[in-house]
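Me: I have a model open and would like to know what the labels rest on. Could you take me through them?

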Amino acid sequence: MAQGGSTMGEEPTWAELLLTFAIAGAVPVVVGGTVLLSLFGLTMWATAPLRRRRRPPASGG
C-alpha cells in the first residue's frame, strides 16, 4: 500500500520559525547565565573569610 501525499508536513510560518530560534537561543543564555552566577556566588562565599581577615580593625569612638 503506497502512501499518498507529502510525508514532511507543512512548512512552518515565519512566526513559528522566529519562536523556535528565540527558544533555541534563550536556552544556552539561561543555562550559561545560571552557571556563571553560581560560580560567582560560590567564589564570593568561599573567599568571604579571606576578605574578613584582611579588613583593618574598626576604630572605636
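**Surface and helix**

Reply: Happily! Leu19, Ile23, Val27, Val31, Val35 and Leu39 form a nonpolar surface patch, together offering about 540 Å² of accessible area (Shrake-Rupley, 1.4 Å probe). This is a predicted model, where local features need pLDDT of at least 70, side-chain atom pairs count only at pLDDT 80 or more, and totals for chains, interfaces and linings use all residues. Residues are numbered from 1 along each chain as its sequence is written, and side-chain values use heavy atoms, without hydrogens and water.

Me: Why does Ile23 count as partly exposed?

Reply: Buried means under 20% relative accessible area and exposed over 50%, with partly exposed in between. Ile23 has 48% relative accessibility, so it counts as partly exposed.

Me: How do you know that the span of helix α1 agrees with its 41 residues?

Reply: The expected span is 1.5 Å times one less than the number of residues. For residues 14-54 that gives 60 Å, and the end C-alpha atoms are 58 Å apart, so the two agree.

Conventions:
Helices (H or I, at least four residues) and strands (E, at least two) are DSSP runs, numbered from the N terminus. Patches are made of residues with over 30% relative accessible area and no salt bridge: like charges are joined within 9 Å, nonpolar side chains (Val, Leu, Ile, Met, Phe, Trp, Tyr) within 5 Å. A salt bridge is a side-chain nitrogen of Lys or Arg within 4 Å of a carboxyl oxygen of Asp or Glu. Buried means under 20% relative accessible area, exposed over 50%, partly exposed in between (1.4 Å probe, protein chains only).
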